[in-house]
Structures are given as structure tokens and as C-alpha cells.
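Welcome to a short tour of one protein fold. Take a moment with the sequence and the model, and then let us walk through some strands, a helix and a cavity together.

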Amino acid sequence: MFSNVRIEKLILSNYRNHKFLELELKKNIILICGKNGSGKTNILESISLLTSSSGLKKTNLIEIVNSKLKGPIELFGINLLCSINKKKMKIGLGLEKTAKGLKKIINIEGLKTKKKIDEYFSIFWITPKMTFLFQNSREERRSFIDQMICSIDFSFKKFLSLYEKYKSERIRILKKWNDTSEEWLVVIEKKLAETGIIICDARRKFIKQLNFYLSDPDCSFHSLEIELSGELDLLLLKEPAIEVEDFFLKKLKENRRKDILTGKTNFSANKTDLIVLNKNYDREAKNHSTGEQKVIIFLIIFSFIKILKNQKDLKILFLLDDVFSFLDKNFVLTVLDQLNKLKIQTWLTDVSGGWIMKKEGFKSIIDKINIDE
């Protein structure tokens, strides 16, 4: 049985331009309307911060506090009433000052907790910047895939965090002791290689799922195929994981001197790129027109939604920021219809949203909120 999560009430206090905002919600699709600069994206960002350190805007925490706030930081807050598997849960996000700046504080049912909201539900978002995915950096393309995997596999996010931790520890040891502390380095490099291969293998399996749906002969566009270009990714396609891990360890040892000089890990599980091939034309997505690239990105997202259909006990929210302005409306309507059928609460923004409310069958499933009023 497909599980779901709902935000039934959202209250923002001193969040960016919202001195105070309270929204009560009842339907699957939440359409936030308002003129440019009214704070539509800020609402979506506040939700994204529940499961991300910097949210969909990749912001610094100091930037989300209302500039006119004169009182204590405790007057800032994001508060939600959620329904998770039909059980009510109050979730709050606040800030507290530290020697280094601000840090997030999460509370559940009024009590401060060290638990991460990811343990209760995940959040996936699409922003206008994603339409330039194939012109962006390889890190952003890799992050695009990682975000989808994190949405359906909480352990994957933990491994990503561990991997960064081990990389930092290894560089710190190298800088302090050079490569003279062999015993410490062997231990940390073993952990780094093990975690890196787990990450690469999870990506490989997810890409395989995406390709299954992207190669669907009923696809109305073209037959697409995704691959990752990293050396470890390619090795995993033909060698056992244990052998690839040994290869990774060998490369880490070989690169110690280089890594000391550069201060970074030069051979890594994250040294990879997302390659999307249109098999009909034997052409990479980056060589298509801008309009065709947008369609390709949305086909990948649509394939991701098909993967969600086969997930059990999945709890996820979708945030679609300003998608009407850069994607074909028929594509958007198809995705909204599929998300609604999966009972996934979806938040989206638009200046007016009038046209979608005229579409047959959509008015009854949309909570339209005009924040200008």
C-alpha cells in the first residue's frame, strides 16, 4: 500500500519577506500564486529546508531571517502540522546562534530532537535552474541523480554524508602527517573505498531503473539511455564490486602525494558525469536544442515518478518551482495528474495559475492560494 505524507498547515514567522504567514491545506496539489517578488519560492524553500542543509536555493541560514526582525532569533520559525500515514505530527524548525553563526533546530511535538526529518519523509524539488542541467557543471548533474535516489533511499543520504566525512579526515591526516602515518591512512582509505563503492553501486542500480522506463517503446519523444562516466562506475558494469573496491584503494594510495599538494581527493566516487544519449539520433542531450533538453529532463523526471509507483512505504513531497514558465504545460499537467494518482502532495508556484484552474478535473484537486491577497 502506497504511503503518503501531507502538510495540513504551514506557519512561517519572520521567514524572508513573510513576517507571518499561515496556510491551511486540504488537497493533493497546492498552487501558490502571486506577483513576482511576493515570496512564492520562499514558501517552497521553507519546506525544502526540513530535509536539506541549504534548501532549494542553496542559501546561507542568515539569509532566511526577515531583515526587519528586531527581536530575538526565537521569533523566527517554520511550523507544520503534518499527516503521516494518517497520524498527526507537529514539526518545527527554528534557529539558534552559535560561535560560527546560525544552526537549525528541529523539534517534533514541541520537543527538541536530533532526529532528521528524512527519517519521516523525503522531499524532491524541481527549480528553473534544472532546465539548464546539461549546460551546468557535472557536480550539479550528479547531484540531480543523487537527489532522486535520496528521495527513495534514506540510507543513501547517510552514505553520501559519511563519504564526505571520510574524505575530510583523510585529507586532514595527509596534511598533518604527510603519508608517514600509514596505519591511520589504511584504515580511513578502506572506509572511504567501501563507502564510495556503495554509493557508485546505488547510482548504477538507480540508472538501470531509469533506463528501463526511458527505453519504453511507447515513449512519445525518443528512446533515451543514461550512463555515468566515472571510472569506478564503468568498472562496476563489468567487474565484481570487491575488485573495484581494491582498485579504488590502489588509486587512493597512488594519489596521496598529489592529494597533499592539491588539498583534495583527486580520484573519487564523485568524479563522474551524467551522460544522456538519444539513441534515435546517437546524440548526447547536451547537443540537442534548449527546448529538446527541457523535454529530456522532464522525461527523466517522469521516469522517476514511474519508479515511485513501485516503491513501498514511501513518503515524499514534491516541490515544483515556476515550472509553467519553462516547461511545456501538457508535460506539467501529465506529471501533476500522475502525482495526484500516487497521492503525493505537490506544491507549485505560478504568477496567476488561472489557466490550470480552468482545466477539467484539476480544480477539484488543487488548493489555490494567492499570497497577494
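In which sense do strand 8 and strand 12 pair, and over how many bridges? Strand 8 and strand 12 (residues 316–320) pair in the parallel sense, over five bridges. Please keep in mind throughout that this is a predicted model. One residue pair to look for here is isoleucine 126, whose bridge partner in strand 12 is leucine 320.

**The open sheet**

Strands 8 and 12 belong to an open sheet of five strands with parallel pairing, in the order 8-12-13-3-14. Strand 8 (122–126) and strand 14 (366–370) are at the edges, and each has a single partner strand, so one side of each has no neighbour in the sheet. On average, neighbouring strands of this sheet are turned by 15 degrees against each other, direction ignored.

A helix also meets this part of the model. Helix 9 (residues 329–341) lies across strand 3 (29–33), strand 12 and strand 13 (346–350). Relative to strand 13, helix 9 runs at about 155 degrees.

**Two hairpins**

Now turn to strands 4, 5 and 6, where the pairing is antiparallel. Strands of a sheet pair through backbone hydrogen bonds, in either a parallel or an antiparallel way. The table sets out two antiparallel pairs beside the parallel pair that opened this report.

| Strand pair | Sense | Bridges |
|---|---|---|
| Strand 4 (residues 77–84) and strand 5 (residues 87–98) | antiparallel | seven bridges |
| Strand 5 and strand 6 (residues 101–108) | antiparallel | eight bridges |
| Strand 8 and strand 12 (residues 316–320) | parallel | five bridges |

Between strand 4 and strand 5, leucine 80 has isoleucine 91 of strand 5 as its bridge partner. The hairpin of these strands has two residues between them, and asparagine 85 takes a positive phi near 55 degrees there. Strand 5 then continues to strand 6 by way of a hairpin with two residues. Across that second pair, leucine 93 stands opposite isoleucine 106 in strand 6.

**The cavity**

How many cavities of 30 Å³ or more does a search of the whole structure find? The search finds one, and the space inside is about 40 Å³. Its lining consists of Ile126, Met130, Thr131, Lys294, Ile297, Phe298, Ile301, Phe326 and Leu327. Helix 8 (residues 290–309) gives the largest share of that lining, with four residues. Sorted by class, the lining has seven nonpolar residues, one polar and one charged. Ile126 is worth a second look, as this lining residue is also the bridge partner of leucine 320 in strand 12.

Methods. Residues numbered from 1 in each chain as written. Predicted model: local features only at pLDDT ≥ 70, side-chain atom pairs only at ≥ 80, totals over all residues. Heavy atoms only, no water. Pairing = 2+ DSSP bridges. 1 Å grid on protein atoms, 1.4 Å probe; cavity = no way out; pocket = protein on both sides within 12 Å on 5 of 7 lines; lining within 4 Å. Points joined across faces, edges and corners; volume = space filled by probe spheres on them. Nonpolar A, V, L, I, M, F, W, Y, C, P; charged D, E, K, R; others polar. Axes fitted to C-alpha atoms, helices over the stretch in contact; angles between N-to-C directions. Contact = heavy atoms within 4.5 Å.
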